[in-house]
Structure formats: C-alpha cells, structure tokens
Amino acid sequence: MISHRDSQVTLEQLLRLKRAERPPAEFWTQFEQELRAKQLAAIVEKRPWFNGFGRLGSALRHLGMPLGAVAAVSVAWLGLREAYFSSPASVPSMTSATEAVRAFPASVAAPSSARVFATTVQNPAASTRHSESRPSPVASIADAALVPQVAFRGGDALRVGTWAPSMAANFASGPAISMTSGDRDLLSSLPANHEAGLSLAHVRSTEPLAKMISPAEERRAWLLAETVSPGASDFAPRSRDRMIDSLSEDRLIEAVQNYGVDANSIRFKF
Amino acid sequence: MTGAQKVLGKAVVASPERKEEADADAAVVRQVQAGDVAAFDRLVVKYRARVYGVIYNLTSNREDASDLTQDVFIKAFQSIRRFQAQSSFFTWLYRIAINSALSHLRKSRMRSFFSLERIGEGDPISSEVIAALTDKTGGERDAYVRELQDKLNEAMQKLSISHRTVVTLFEIDGLGHQEIAEIMGCSIGTVRSRLHYAKQLLQAELQPYIRR
C-alpha cells in the first residue's frame, strides 16, 4: 500500500498525470519505419472485390439516397443484368406465336410435347391421336422445360427473358393439360382453322384459370359432338330427330302464322 | 499543443488557433488528394503523438497503441481521397482512431493487460502533482509514481469503453464537448452526462489521492 500525504490535488490534476505518459523519442524512429513498411504493403496489396460495395454505398449516401432505395436499385440492376446479359445472343425474335411454333425445327431433338403442339396447330385432328397416345399429360411440362428460349414480341407485347422456357412450356403443355375428351372432339369437328386453334390454345396457356373448363362448356361440347357424329349412341338419334323436328321449316311457319300483329292489337290462334 | 488545451480541466471551445490549424490541414489534405503522397508525412508527424496518446490511454498498452496508431494512419491514407472536408481533418482522424481503438477493445476485452509508458519527469504539471502527493525522493519516489500510475490506469480500465473515451478526450487530450460529440457521434448532452458519471466513478476509485 502506498503512503502519501494528505491529498491536495483534484481528480482533474491527477488525470493530467496520464498526459505525461509518453513514449521516448527513439520510439518514433521505429514507428516511422514500421509505418512506412505498412504503407507500402497497403499500396501494393490488392483490395478485395467486395470493397467496391462499401465505396458505392458511401457514394450513394453522399447523394442522399436512403438505404431502401439503394437496395431497390441494386436488386433492379442485378435483375436487369441477369435478364439481358445471361440470355444467349442468338435468341430469335418473332412476331407471333405461330412463327414461334414454326421455328421449332423438327430435326432438333425437340421435346415431344413441343412437336405435339406444332402438329396440333397445323392439323388439329392429329392432336387427338397424340393426346390419346400420350401416357401422362403432366409429363409434357418437364419435357417442355427443355425447349430453347424463344422471344415473343409484337401483338403479345412480350419480351425475351428467363421466363421464355416456361412460356414455351405453357404453349406446349397447354393443349395437353386443358383438353378434355369433349374438347378434343370439339376440335376435331371444327374446320381446320389454325388461327382459331392457336388462339384457343394461347388463351388457355397464358391464363391458368382458363385451363379450367366449366361444366356447362364441357356438357355443350359433349352434346354437340354427339349431335354431329353419327351413330354414337341410341340417345343421339332421338335427340337429333327432336332437334331437327323442332327446327323444321313447316312447323316454324305454322308457329309464326299463329301470331298476328296489327297496329293496335295482337292476335293469337289456338 | 494548442493554447486552449493549456487550460486545466476546462471545456475547450473551438478556438481561432484550432480554426487555423484546420485550414492548414485542409491545404495539406488537398495536396495529398492531388497526388502528393509525401505531403501525408507532414500530417503523420503532426498528429502521431496525439493519436498515439488517445489510443494508449484507452488501451493502457503501448504495443497495442503503437500498432493501432500505425493502422489509423494507413486507413487515413487509404481513405483520404474520399475525405470530403465536411469536418476538420483532425476530427476525421480522431474518429478513425477512436473507432479502431474501440474495435480492438471489444475484440480483446478478455485478454487485456497493462504495458505502461514511464511518466515523463520533465513535464511541469506531473512534477507538480507528484510533489503535492508525496515528499519522497529518489527510488522511493519512483516506486510511488509507478504505483500511482497503476492505480490510475486500473481506475480508467474499470470505466466502460464509452465513459473512458469521454474522459480521455476531455480530461487528458483537452478536447471540447462539441468536438467529442462530433468524434463519438453523439449529442453534447450525452458527452456531459457520460463525463459526469465517469468522474464520479473515478473519484470513488481514486479517493485516497484526491482532495475532498
């Protein structure tokens, strides 16, 4: 334990003692040498690549941009970079979906679903055969993911992107997923109108909800198919006869003649 | 050392001398930014003792203080192109020094030990204080001074890092409340309250040596 006089100094004066704790003069010579060596090492040493983020951040902070805006800009920039620079340079640019479909060369090892869809467009009746021979419609999506990236532009106002394969998959798998037996019959009964077939497939492929068929639509397609195709069942001729009966010309004229309209009156004949 | 710092234990307001000093520093900084690397040596020579003193009083270890002081100047040299002169170079350099020291203290909290400089006999204030505390001479006086120095550093190290920083900058380095607030990035009121609380703790620790 140290012995000392009755204290006559203040805390502030006592703390000033620490100011007198100084290194000797020779310390600074060595300090200077070491600093020089470190300075040279710092100049020569390559800075890590992520130091650029710090500099970018400080520059943006000087511009007064909030952190959220900086993050948004960074994410947007990365997204654009991904979209524009990662896609192949030889991506074809087409004006319509029909051209896109035609662009799939048959010789290329294209997925079976893409070929099926192309065939469907050119000959809708063929789609029935393909869809019947297909083991599972869901498998076509996996196949279609292998379809090369395709650009759709023009009327659809769509652009190239990483989503192009999924769009192609939609196009390719659309008929396979959405077509029921009624639809297939309906398509086969329609005239070979490529554009109509394409637009139907396009609408259903782009809009997931459109892939769901309402019961009324299914029933209508089934009835129409049964009406048009002869000898499907016993029920079909009767309903067809009844329809033809109800639409016969004589009965129509007779029905019209039962009603008479004058200027001020309406007549009914029973 | 500025004239303002000669006032014992008084708050130092930015003086005209400090303003001139800041202007002179700004001119040298512009030279360095323009590519005159040698001009940076003038800044090193001018501020190395003060930066070292602040870091030493925060760490109570001269080897750590030496290494950290070198690192501070390296960091300043690397970043001087981005220095926008929104504050004085002195404040900017002190901020780097304080941040480096605090970072070091947080990392090595569990393995800190004293490695103290000798108290210079040539300093009139320290001679006056020691003479007021003891009438011993020769070897006994040296032993007394050593023991007193240990007690002082122990008391300082018992303070939290932020309280120690405020005491170091205000009482030992002689900066004003405003400058400390700028360096530490807090309000003047926070600086004052920290200083008040730190002094209370130090008085309790150093009670045998100080006037009541």
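How many salt bridges does the rule count over all chains? The count comes to 11 over all chains of this predicted model. The legends below present close-up views of the interface, the core and two buried polar residues.

**Figure 1. The interface between chain B and chain A.** In this predicted model, 38 residues of chain A are in contact with 60 residues of chain B. The area buried between the two chains is about 4900 Å², and carbon and sulfur atoms give 61% of this area. Across the interface, the rule finds 12 residue pairs in polar contact. Several helices of chain B each supply at least two residues of the side that touches chain A, namely helix 2 (39-59), helix 3 (62-79), helix 5 (124-133), helix 6 (138-158), helix 7 (161-172) and helix 9 (188-205). Helix 3 of chain B contributes nine residues, the largest share of that side. By residue class, the side of chain B that touches chain A comprises 29 nonpolar, 16 polar and 15 charged residues.

**Figure 2. The salt bridge between A:Glu12 and B:Lys199.** Four salt bridges are found across the interface of chain B and chain A. In the pair shown here, the side chains of A:Glu12 and B:Lys199 meet at 3.0 Å, N to O. The pair joins two chains, because A:Glu12 lies in helix 1 (residues 11-16) of chain A and B:Lys199 in helix 9 of chain B. B:Lys199 has a relative accessibility of 19% and therefore counts as buried, the limit being under 20%.

**Figure 3. The salt bridge between B:Asp41 and A:Arg36.** The closest N and O atoms of B:Asp41 and A:Arg36 are 3.1 Å apart. This pair crosses between chains, from helix 2 of chain B, which holds B:Asp41, to helix 2 (residues 25-44) of chain A, which holds A:Arg36. B:Asp41 is partly exposed, at 23% relative accessibility, and A:Arg36 is likewise partly exposed, with a relative accessible area of 37%.

**Figure 4. The salt bridge between A:Lys38 and B:Asp71, and a salt-bridge network.** The side chains of A:Lys38 and B:Asp71 meet in a salt bridge of 3.3 Å, N to O. A:Lys38 belongs to helix 2 of chain A and B:Asp71 to helix 3 of chain B, so this pair joins two chains. A:Lys38 is partly exposed, with a relative accessible area of 29%; B:Asp71 is partly exposed as well, at 30%. One network, formed by salt bridges that share partners, joins A:Glu32, A:Arg36, B:Asp41 and B:Arg48.

**Figure 5. The largest nonpolar core and B:Phe73.** This core has 75 residues, and those with the most contacts inside it are A:Leu14, B:Phe40, B:Phe73 and B:Phe89. In soluble globular proteins, nonpolar side chains tend to be buried together. Apart from its neighbours within four places in sequence, B:Phe73 is in contact with A:Phe31 and A:Leu35 of chain A. Its contacts in chain B are B:Phe40, B:Leu43, B:Val44, B:Tyr47, B:Arg48, B:Val51 and B:Leu93.

**Figure 6. The surroundings of B:Gln149 in helix 6 of chain B.** B:Gln149 is buried, with a relative accessible area of 2%. Not counting residues up to four places away in sequence, B:Gln149 touches A:Glu21, B:Tyr56, B:Leu116, B:Glu117 and B:Ile119. B:Gln149 and B:Glu117 are separated by 32 residues in sequence and by 9.5 Å in space, C-alpha to C-alpha.

**Figure 7. The surroundings of B:His163 in helix 7 of chain B.** B:His163 counts as buried, at 16% relative accessibility. The side chains of B:His163 and B:Ser160 are joined by a polar contact of 2.5 Å. Not counting residues up to four places away in sequence, B:His163 touches B:Arg194, B:Tyr197 and B:Ala198.

Definitions and conventions:
Residues numbered from 1 in each chain as written. Chains lettered and ligands numbered in written order. Predicted model: local features only at pLDDT ≥ 70, side-chain atom pairs only at ≥ 80, totals over all residues. Heavy atoms only, no water. Contact = heavy atoms within 4.5 Å. Buried area = accessible area lost by both parts, 1.4 Å probe. Polar contact = N/O pair within 3.5 Å; in protein donor to acceptor, adjacent residues only side chain to side chain. Helix = DSSP H or I, 4+ residues; strand = E, 2+ residues; numbered from the N terminus. Nonpolar A, V, L, I, M, F, W, Y, C, P; charged D, E, K, R; others polar. Core = buried A, V, L, I, M, F, W, Y, C linked by side-chain atoms within 4.5 Å. Buried < 20%, exposed > 50% of the residue type's maximum accessible area, 1.4 Å probe, protein only.
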